[in-house]
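Please open the model in your viewer and follow the stops below in order. Each stop names what to select and then describes what is found there.

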Amino acid sequence: MATADRPTLFINATVLDGSEHMEPQPDMAVAVERGVITWMGPSAVAQAPAGAEVIDLAGAYLMPGLINMHVHLCGSGKPVSAGDAGALMKKLDNPVGRAIVRHILKSSAQQQLASGVTTVRGAGDPLFADIAVRDAIDAGKYQGLRLVAPGTGVTVPGGHGAGLFAQVANSPAEAAEQVRDLYARGADVIKLFVTGGVFDATEVGEPGVLRMQPELVHAACDTAHALGMRVAAHVESPEGVRVALENGVDSIEHGAQPSDEMITLFKQRKAFQISTISPALPYALFDRSISHATYEQQENGKIVFDGIVALAKANLAAGVPVGLGTDVGCPYITHYDMWRELNYFHKYCGVSNAFALHTATMINAEIAGLSDVTGSIAAGKCADFVVTEQNPLDSLEALRTPAMVVARGEVFNAPKVKKMAQVERQLDLYR
């Protein structure tokens, strides 16, 4: 296995550079030194850096590593309810328990990496464990991907994620103080839970009920922006989108049925949407005997599914940036299936395979504030690659089993993850 410390020259690669209208570039070479791309050009004229390992890709497709913009590393995707996970977190809030949670998050991050994801933007995890895992990876204590860590999210009493991956703020002052505390702990981004979700709704037609009042959203956003931090918000209703955008949120995670007013707010705020079709699909489309959803959950799941897709289409048409994330942690959503989110984006939003791949690489890098670091194959960028035997522009399912993953110059050949057969069988009916 090549390490980031040793120069590497990849030859005979078919490069997909991550650009919007990317075309396969055959017979290319990519030189990497100290984890950074130093040169790209035809294999015929490539010169290996001194002491480099030469890796012949024999025509395989080399593209930027995927970026997953919405992940709860504490989840697994098992098709079961999390139960009273908040109470469990209270029991784990001790040195031994925190070590257990960190181990779970580390394993999840490594599953993401093995599936071709080289950067993850967290969406809230328990006990600030994502910050600890990020720091350990960055310090070289173990192999891993790039992690943008929010720490725990901020919610309200009875709000989405309370006690599990979000701490409760009872007032605008408490919300502001929690943001300052997250900043002090080293969080990269702030996550708010502005509305409820499908699990929280008690009546059909009321998914995403507003939980966080505007003044609390405003206080959290003002404080975060003063500290130079962006704010992401869980939102699953039109009212929630309006309240979030009017009060300073930078990204709407998930979405709701769009309106002209909503799109205008996106543009005025220079905000963006993170589309997460993956978690909505099982509740909307699976038979309830499979999903174990209640009637109310399935009907509300359909509303959320349709809202996410409709908002993504409207934003794309209006030139508002749309990124992609999987929302791992929900039933049937695993750490190794980012390719499905690209495929759903293609299938339900009508974009090309090339644009879906461009979104999961260059666009996600741009809206994560990492475009100068990753997201494309170009000299000066970090050596974050996925290599596949088949062309993902023909079928995004080519990303399902990477032949190689390279993260910050470190090469992982034929990476493996343990997959859940039941989950795979059911999701494959909708691919």
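**The whole chain**

Begin by selecting the entire chain, which is a predicted model. Of its 431 residues, 59% count as buried. Display the C-alpha atoms alone: along the principal axes, they fill a box of roughly 65 × 45 × 45 Å. The radius of gyration of the chain is 21 Å, which agrees with the value near 22 Å that a compact globule of 431 residues would have.

Next, switch to a cartoon view. The secondary structure of the chain comes to 13 helices and 18 strands. How are the contacts in the chain spread along the sequence? Among those between residues at least 6 apart in sequence, 71% join residues at least 24 apart.

**Two helices that cross**

Now select residues 95–114, which form helix H2, together with residues 129–138, which form helix H3. At what angle do the axes of H2 and H3 cross? The crossing is at roughly 60°, and the two axes come within 9 Å. That angle makes H2 oblique to H3. Turn the view to look along the line from one helix to the other: H2 passes H3 in a right-handed crossing.

**Where the helices meet**

Finally, show the side chains at this contact. On the H2 side, select Val101, Arg102, Leu105 and Lys106; these meet Ala129, Asp130, Ala132 and Val133 in H3. Which classes of residue make up the contact of H2 with H3? By class, there are 5 nonpolar residues, 3 charged residues and no polar ones.

Conventions:
Residues are numbered from 1 along each chain as its sequence is written. This is a predicted model: local features need pLDDT of at least 70, side-chain atom pairs count only at pLDDT 80 or more; totals for chains, interfaces and linings use all residues. Side-chain values use heavy atoms; hydrogens and water are left out. Axes are lines fitted to C-alpha atoms, for helices over the stretch in contact, and angles run from 0 to 180 degrees between N-to-C directions. Helices (H or I, at least four residues) and strands (E, at least two) are DSSP runs, numbered from the N terminus. Angles under 35 degrees count as roughly parallel, over 145 as roughly antiparallel, 65 to 115 as roughly perpendicular and the rest as oblique. A crossing is left-handed if the near helix is turned anticlockwise from the far one by less than a right angle, and right-handed if clockwise. Contact means heavy atoms within 4.5 Å. Ala, Val, Leu, Ile, Met, Phe, Trp, Tyr, Cys and Pro count as nonpolar, Asp, Glu, Lys and Arg as charged, and the others, Gly among them, as polar. The radius of gyration is taken over C-alpha atoms; the globule rule is 2.2 Å times the number of residues to the power 0.38. Buried means under 20% relative accessible area, exposed over 50%, partly exposed in between (1.4 Å probe, protein chains only).
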